[in-house]
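Biologist: Please take one part of this model and describe it closely, then follow its surroundings outwards. I would like each term given with its cut-offs, so that I can reproduce the analysis.

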Amino acid sequence: MRNPVCLFSESSGIRIVWGVYSKCSLNCKHCSVIKEDYKNPSIDKYEPVLKDMKSSRVDTIYISGGEPLLWKDIFDFVKLVKENGIIAALGTNGTELSQRNVEELLEIGIDKIFLSLDSHKEEVHNFLRGENVFRRAVNGLKLLNEYKIYTRIDSVLWKENYNNIEDFVNFCKNNGAKEVAFAWPMKVGNAKTNPNILIPETEYLEIGKKLKSLKEKYSNEIKISYHRFESFDSECQGCQGGKKIFYIDWRGRLSPCFWISAIDSEFFTKDNIFRNKFSEMKESEVIKNFIQMETKRKDVFGSGCPAICKIYNGNFYSKDVLFS
């Protein structure tokens with residue numbers, strides 16, 4: 001389900017975005033993940049956590065990183081997610097999608113792969129992601145198609161690719177992707193220090209019209225989804241962070257949203273899900289404080305994304321830039 005306010009898709013239950021691994025082989029110009037040398041708990045520590053999540057109405061886990069395929073226990077983790085009846089979607093930059101890894105993902109029943117790809121042009125993708133990344137990602141896409149694993153392309157629109165969206169959609173379709181999801185780069189982390197990659201904010205709504213048109217045009221060939229490219233009003237559903245959407249980092253700390261945690265670490269719990277139950281931590285003071293803050297913000301300024309408000313206005317208590 002798509003909420004035009006939110007940067008994440010929602011599910012019927014609770015959706016977890018879980019950055020299971022801190023390390024990554026790339027250093028993308030727009031990345032907002034803080035990389036660190038951290039040793040994950042042993043895999044047996046995750047099983048009771050997942051059981052508790054399932055009993056707490058978690059129905060989807062989006063597995064992210066860093067690069068999750070670098071984690072030695074990733075396949076065991078995905079297997080545990082599936083054994084607990086939770087949908088498992090794994091996000092990857094594609095550089096670790098070898099035939100062996102793809103076969104393993106198929107065998108353990110991965111539901112979806114979210115593959116990062118930002119252009120059908122090698123030099124454009126590599127400028128954002130790094131040298132020789134394009135070919136490895138495209139080879140991974142072809143492997144996923146060969147093994148019939150549902151693949152969504154996650155694409156960041158930036159100033160060198162947003163004028164070639166339809167060509168890119170066709171490239172993804174012709175190489176076996178079932179879906180393309182477009183997002184904009186957030187002014188956090190590396191994107192904050194690389195402002196030259198950003199699209200002028202005045203272009204966002206025009207891009208949204210183009211995406212809507214392409215979604216209709218290709219509706220029988222490939223699914224096109226997008227976040228934050230259309231205006232909304234007070235009738236729109238507001239932020240679901242801390243209610244139906246949560247973020248967990250590799251240390252097991254809980255936050256109402258990845259973007260909120262990237263902006264303000266005060267919205268991370270001090271404890272973690274390996275010591276306390278998710279079912280209890282989601283009712284913690286940190287989460288309650290966030291919900292109270294967002295409720296007050298919405299009452300005054302209307303629906304919107306509090307992370308966007310903070311990034312673009314310098315204050316959580318402000319109006320979302322796309323609120324009409």
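Modeller: The answer below starts from one helix and then moves to its flanking loops and to the sheet.

The model is predicted, so local features are reported only at pLDDT of at least 70 and side-chain atom pairs only at pLDDT 80 or more, whereas totals for chains, interfaces and linings use all residues. Residues are numbered from 1 along each chain as its sequence is written, and side-chain values use heavy atoms, with hydrogens and water left out.

The part I have chosen is helix 2, which spans residues 74–83; helices (H or I, at least four residues) and strands (E, at least two) are DSSP runs numbered from the N terminus. In helix 2, the residues Ile74, Phe75, Phe77, Val78, Leu80 and Val81 are buried, where buried means under 20% relative accessible area, exposed means over 50%, and partly exposed lies in between, for a 1.4 Å probe and protein chains only. An α-helix has 3.6 residues a turn, so residues three or four places apart point the same way. The cover over the buried residues of helix 2 includes helix 1, helix 3 (99–107), strand 1, strand 2 (58–64) and strand 3; contact here means heavy atoms within 4.5 Å.

Among these neighbours, helix 1 can be described in detail. Helix 1 (residues 46–55) packs against helix 2 at an angle of about 30 degrees, and the two axes are 9 Å apart. The pair therefore counts as roughly parallel, on a scale where angles under 35 degrees are roughly parallel, over 145 roughly antiparallel, 65 to 115 roughly perpendicular and the rest oblique. The axes are lines fitted to C-alpha atoms, for helices over the stretch in contact, and the angles run from 0 to 180 degrees between N-to-C directions. The crossing of helix 1 past helix 2 is right-handed, a term used when the near helix is turned clockwise from the far one by less than a right angle, anticlockwise being left-handed. From helix 1, Tyr46, Glu47 and Leu50 take part, and they meet Phe77, Leu80 and Val81 in helix 2. By class, this contact has 5 nonpolar residues, no polar ones and 1 charged; Ala, Val, Leu, Ile, Met, Phe, Trp, Tyr, Cys and Pro count as nonpolar, Asp, Glu, Lys and Arg as charged, and the others, Gly among them, as polar.

The loops on either side of helix 2 add further detail. Gly66 sits in the loop between strand 2 and helix 2, and the peptide bond that joins Gly65 and Gly66 is cis, with omega about 15 degrees. On the other side, Asn84 lies in the loop between helix 2 and strand 3 (87–92). Asn84 is buried, because its relative accessible area is 12%, and its contacts, leaving aside neighbours within four places in sequence, are Leu50, Lys51 and Lys54. Leu50 is thus shared, since Leu50 in helix 1 also takes part in the contact with helix 2. Gly85, which follows helix 2, has a positive phi near 70 degrees.

Strand 3 leads on to Asn93, which lies in the loop between strand 3 and helix 3. With a relative accessible area of 6%, Asn93 is buried as well, and, apart from neighbours within four places in sequence, this residue is in contact with Cys24, Ser25, Leu26, Glu67, Leu115, Ser116 and Ala137.

The strands named so far belong to an open sheet of 9 strands in the order 7-6-5-4-3-2-1-8-9, with mixed pairing; two strands pair if DSSP finds at least two bridges between them. The edges are held by strand 7 (223–226) and strand 9 (254–255), each with a single partner strand, so one side of each is left without a neighbour in the sheet. Helix 8 (residues 204–217) packs on the sheet, where it touches strand 6 (179–183) and strand 7, and its direction makes about 155 degrees with that of strand 7.

Within the sheet, strand 1 (residues 14–19), one of the elements that cover helix 2, runs parallel to strand 8 (residues 245–248), to which 4 bridges join it. In this pair, Arg15 stands opposite Ile245 in strand 8. Strand 5 (residues 151–156) also pairs in the parallel sense, with strand 6 over 5 bridges, and there Asp154 stands opposite Ala181. Strand 6 is mostly covered, as 4 of its 5 residues are buried.
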